Amino acid sequence: MKIRKELSVLLLLLSLVLALLPISANRSFTTNPDKLLSDVLSKDLSFTADQVAEFVVREDSTVQLIDLRPSEEFRKQSIPGAVSIPYAEFINKDPEIWLGNKNIRNIFYATGGMEADFALVYARGLGYDNSYVMEGGIGEWISTVIGTKFTGERITARENALFETRKRAGEMFAELNSLPDSLKTKYLESRKFSAKKLDGGCE
Amino acid sequence: MAPLTSYFAFPEWLNMLTALLIGTGFGFALEQGGFSSSRKLAGMFYGYDATVLKVFFTAAIVALIGSQFLGYLGLLNLNQVYVNEFYVTASIVGGVIMGAGFIMGGFCPGTGLCAMSIGKIDAMVFVAGGFTGAFIFTETYPLVEGLANARYRGPVKINETLGLSPGLFTLLMVAAAVAMFWIAELAEKKFARPEITNDL
C-alpha cells in the first residue's frame with residue numbers, strides 16, 4: 001500500500017510542475033473538412049494581382065500582405081507593405097501572433113507554388129476566417145503590374161484606372177526594392193509585427 | 001506505426017519490428033497482470049476488481065505527464081501527434097455497444113487477443129465476434145453513414161474546449177485519477193468476491 005501512495009504523490013508532484021511550466025497549448029483543426037475544402041476551393045478567398053496592387057496603392061490598412069518565401073528572397077524583392085513570415089516558421093508557431101487581429105484581412109503569397117494555398121488551408125482550419133490568398137504568387141504580381149503595356153490608340157476609362165494603379169504600384173515596388181541596404185532594413189524592421197500592434201487599445 | 005523521427009526514413013521492416021516488440025511487450029504485460037481472465041474486466045463492472053481501471057488509467061496519466069515533459073524539452077513534437085477525431089453521436093452509440101460487449105464478453109479487444117493466444121476458447125469466440133461485427137459494420141456502412149458522421153467536432157482536445165493550459169489539465173486529470181483509484185479500492189473491499197482465478 002505504501003508504494004501506491006508514494007507513486008500517487010510522485011505523479012501529482014510531476015503534474016504540478018507541468019501545471020506551472022509555461023507550455024503553450026497547441027491548437028487543432030476544428031473546421032469540418034468538407035466545408036474547409038469547399039471554402040478554400042471557392043474563388044472568393046483569392047485576390048488577383050490587380051486587386052492587391054490596388055491595396056498597395058491605397059495603402060489599405062485593413063489588409064495585411066504576408067510573404068511566405070524565405071527571408072533572403074523577401075529582402076531581395078517584395079511587394080510594398082508586405083511582412084515576411086517564412087512558410088516553415090508560419091506552420092511551426094501559433095499563428096495567433098500574426099493572424100489574431102480579425103479586423104484585418106491577411107493575404108498570403110509565395111513564389112507561386114502551393115505554399116500560399118497550404119497556409120490558407122492551415123489558417124482557415126484553425127478558424128482564422130480572415131485569411132485569403134493572392135493568385136499566382138509574386139511572379140504573377142510582378143509580370144502583371146510591372147510588365148504592363150497598353151497598346152492601341154484609345155483606352156477606356158476603366159483601362160485607364162487599371163493602368164494608373166499598376167503604374168503607381170510599380171513605382172512603389174521599384175522605390176522599395178531599390179532602397180539602399182541600411183534604409184531597407186530600417187523600413188522592414190519598422191513594419192515587423194505591425195499587425196499585432198494594431199491589436200492593442202481598450203478591449 | 002508512426003515514424004520515430006521525421007529527419008530520416010526508417011526502413012519499413014524496422015518500423016514493423018518496433019511495432020512487434022512493443023506489441024509483444026504489451027501483450028506480455030497484460031497476460032502477467034491477469035487480464036487474460038474475463039473476470040478482470042467483468043469485475044470492473046460489478047465493482048469487485050478495479051485492476052482494469054487502475055492499470056489503464058495509470059498508463060494514461062504516465063503517458064500524459066511523460067509526453068508533456070518530452071514536448072517541453074523539445075524531444076517530442078506534440079503538434080505532430082495524431083488526435084482522434086470526435087464524432088459525438090457515434091462516440092455515444094459506439095461506447096454503449098462496446099461497453100455492453102465488454103461486460104458480456106469479459107474482454108476488451110487487447111485482452112481478448114491476449115487470452116486467445118494462451119488458448120482460451122471464450123476469447124476465441126469473442127475475437128471472432130469482434131471481427132464479425134467489424135465485417136457487418138463495413139458491409140452496412142451506407143445504412144449507418146449518417147449516424148456515424150453525425151455531429152462531427154474535429155480533432156478537439158478537452159483542455160482546449162475548457163480553455164485550460166495542457167499542464168493544468170494534466171494536474172486535474174492526475175488528481176481525478178488518484179481520487180478514482182482510492183474510491184475503486186474502497187469498492188473492491190465492499191464488493192469483494194473469493195479469488196477463484198487459479199481454480200479455473
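**Exercise 1.** Is B:A29 buried, partly exposed or exposed, and how many other C-beta atoms lie within 10 Å?

*Solution.* The model is predicted. Begin with the location: B:A29 belongs to helix α1 of chain B. Next, count the surroundings: 13 other C-beta atoms lie within 10 Å of B:A29. A residue is buried at 20 or more such atoms and exposed at 12 or fewer. B:A29 is therefore partly exposed. One further distance concerns this residue: its C-alpha atom is 9.8 Å from that of B:C114, and 85 residues separate the two along the chain.

**Exercise 2.** Describe the helix that holds B:A29, giving its span, its exposure and what follows it.

*Solution.* Helix α1 of chain B runs over residues 12-32, 21 residues in total. From the first C-alpha to the last it reaches 30 Å, close to the 30 Å expected at 1.5 Å a residue. For exposure, count its buried residues: the number is 0 of 21, so α1(B) lies largely in the open. After the helix comes B:G34, which has a positive phi near 85°.

**Exercise 3.** Work out the sheet of chain A, from its strand order to the bridge partners.

*Solution.* Chain A has 11 helices and 5 strands. The 5 strands form an open sheet with parallel pairing, in the order β1-β5-β4-β2-β3. At its edges are β1 (46-47) and β3 (83-84) of chain A, each of which pairs on one side only.

Now take β4(A) and look at both of its neighbours. With β2(A) it pairs in the parallel sense over 5 bridges. With β5(A) the parallel pairing covers 3 bridges. A:F108 in β4(A) stands opposite A:I66, and in β5(A) its bridge partner is A:V133. The path from β4(A) to β5(A) passes through α7(A), and this β-α-β crossover is right-handed. A:N106 also has a partner in β5(A), A:S131. As for burial, 4 of the 5 residues of β4(A) are buried, so the strand is mostly covered.

**Exercise 4.** Which residues of the largest nonpolar core touch the most other members, and which elements supply the core?

*Solution.* This core has 33 residues, and those that touch the most other members are A:V52, A:L68, A:I107, A:F108, A:Y109, A:A116 and A:M134. Several elements of chain A each supply at least two residues, including β2 (63-67), β4 (105-109), α7 (115-125), β5 (131-134) and α9 (157-177). The largest share, 6 residues, comes from α3(A). In soluble globular proteins, nonpolar side chains tend to be buried together.

A:A116 serves as a worked case. Leaving aside neighbours within four places in sequence, its contacts are A:L68, A:F108, A:Y109, A:A110, A:V133, A:M134 and A:G137. There is also a second, separate core, of 12 residues, with B:L41, B:M44, B:C108 and B:A115 among them.

**Exercise 5.** What share of chain A counts as buried, and what share of its contacts between residues at least 6 apart in sequence joins residues at least 24 apart?

*Solution.* Of the 203 residues of chain A, 25% count as buried. For the contacts, take those between residues at least 6 apart in sequence: 73% join residues at least 24 apart.

**Exercise 6.** How many residues does each chain bring to the contact between chains A and B?

*Solution.* Chain A contributes 19 residues and chain B 23 residues. The side of chain A that touches chain B consists of 11 nonpolar, 7 polar and 1 charged.

How values were computed: Residues are numbered from 1 along each chain as its sequence is written. Chains are lettered from A and ligands numbered from 1 in the order in which they are written. This is a predicted model: local features need pLDDT of at least 70, side-chain atom pairs count only at pLDDT 80 or more; totals for chains, interfaces and linings use all residues. Two residues are in contact if their C-beta atoms, placed from the backbone, lie within 7 Å. Ala, Val, Leu, Ile, Met, Phe, Trp, Tyr, Cys and Pro count as nonpolar, Asp, Glu, Lys and Arg as charged, and the others, Gly among them, as polar. The expected span of a helix is 1.5 Å times one less than its number of residues. A nonpolar core is a set of buried Ala, Val, Leu, Ile, Met, Phe, Trp, Tyr and Cys residues joined through C-beta atoms within 7 Å. Two strands pair if DSSP finds at least two bridges between them. A crossover is right-handed if, with the strands pointing away from the viewer, the path from the first strand over the helix to the second runs clockwise.
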